[in-house]
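I opened a fresh page for this one and wrote down what I looked up as I went. Have the structure in view and follow along.

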Amino acid sequence: MNTDPIADYLTRVRNAIRAKHRVVEIPASNIKKEITKVLYEKGYIQNYKFDDSTPQGSIKIALKYNPTTKQSAIVDLQRVSRPGLRQYRGADHLPRIFNGLGVAIISTSKGVMTDKEAKTLNVGGEVLCYVY
């Protein structure tokens, strides 16, 4: 039983990047699937695959590295909102990460999206994590 599955997700990805793994496998949930889709759309991961062969399922993520420098596309992942202290922000108070170079992943009433998408839709929500 994991008390914070999103933190576990981010830690598995962070550890795989530090170990220079190509693929990381993570137990699936709906929120993790949505976060994976956002990471793929923003170009932080190379590809992903949802495997529903088991009851819980799993997510296989192909990590993205620069071919010449071997550096990961993801420099850092930070968990913001956690079960003990939820962080909610309105549409006009959403954070800017690295002056717009990074993204904040927000869980809104219209789904999981980046801070820029939430600002254009004028919705706020729970700030899940920062990615840059």
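Here are my entries, grouped by the part I was looking at.

**Entry 1: before starting**
I noted that this is a predicted model.

**Entry 2: strand S3 and its partners**
I began with strand S3, residues 58-63, and asked how many of its residues are buried. Five of its six residues are, so I wrote it down as mostly covered, with under 20% relative accessible area as my cut-off for buried.

Next I looked up what pairs with S3. Strand S1 (residues 23-27) runs antiparallel to S3, and five bridges join the two. One bridge to find on screen is that of Glu25, whose partner in S3 is Lys60. Strand S2 (residues 45-51) is also antiparallel to S3, joined by six bridges. There I picked out Phe50, which has Ile59 as its bridge partner in S3.

I then followed the chain from S2 to S3. This hairpin has six residues between its strands, and Gly57 takes a positive phi near 85°.

**Entry 3: helix H2**
I checked the length of helix H2, residues 30-41. Its twelve residues should span 16 Å at 1.5 Å a residue, and I found the end C-alpha atoms 17 Å apart, which agrees.

Which residues of H2 are buried? My list reads Lys32, Lys33, Ile35, Thr36, Val38 and Leu39. A reminder I put in the margin: an α-helix has 3.6 residues a turn, so residues three or four places apart point the same way.

After H2 comes Gly43, and its phi is positive, near 85°.

**Entry 4: aromatic rings**
I counted aromatic pairs and got three. In one of them, the ring centres of Tyr40 and Tyr48 are 5.2 Å apart and the planes stand at 75°, so I filed the pair as edge-to-face. I looked up how open each ring's residue is: Tyr40 has 39% relative accessibility and counts as partly exposed, and Tyr48 is partly exposed too, with a relative accessible area of 25%.

Another pair is Phe98 with Tyr132, which is tilted, at 4.1 Å centre to centre and 50° between the planes. What does this pair tie together? Phe98 lies in the loop between strand S5 (88-89) and strand S6 (103-108), while Tyr132 lies in the segment after strand S8 (125-131), so the pair links parts 34 residues apart in sequence. I also asked whether Phe98 is buried or exposed. Phe98 is exposed, with a relative accessible area of 52%, whereas Tyr132 is buried, at 17%.

Back at Phe50, I saw that it forms one aromatic cluster with Tyr40 and Tyr48. Lys33 belongs in this picture as well: its charged end sits over the ring of Phe50, 5.3 Å from the ring's centre.

**Entry 5: strand S8 and its partners**
I finished with S8. Seven of its seven residues are buried, and I noted it as mostly covered.

Which strands pair with S8? I have these in my notes:
- Strand S4 (residues 77-79) pairs with S8 in the antiparallel sense over three bridges, and Gln78 stands opposite Tyr130.
- S5 pairs with S8 in the antiparallel sense over two bridges, and Tyr88 has Glu126 as its bridge partner.
- S6 pairs with S8 in the antiparallel sense over six bridges, and Ala104 stands opposite Tyr130.

I put a star beside Tyr130, since I had met it opposite Gln78 and again opposite Ala104.

How values were computed. Residues are numbered from 1 along each chain as its sequence is written. This is a predicted model: local features need pLDDT of at least 70, side-chain atom pairs count only at pLDDT 80 or more; totals for chains, interfaces and linings use all residues. Side-chain values use heavy atoms; hydrogens and water are left out. Buried means under 20% relative accessible area, exposed over 50%, partly exposed in between (1.4 Å probe, protein chains only). Helices (H or I, at least four residues) and strands (E, at least two) are DSSP runs, numbered from the N terminus. Two strands pair if DSSP finds at least two bridges between them. Rings of Phe, Tyr and Trp (its six-membered ring) pair if their centres lie within 6.5 Å; planes under 30 degrees apart count as stacked, over 60 as edge-to-face and the rest as tilted. A charge sits over a ring if NZ of Lys or CZ of Arg is within 6 Å of the ring centre and within 35 degrees of the ring normal. The expected span of a helix is 1.5 Å times one less than its number of residues.
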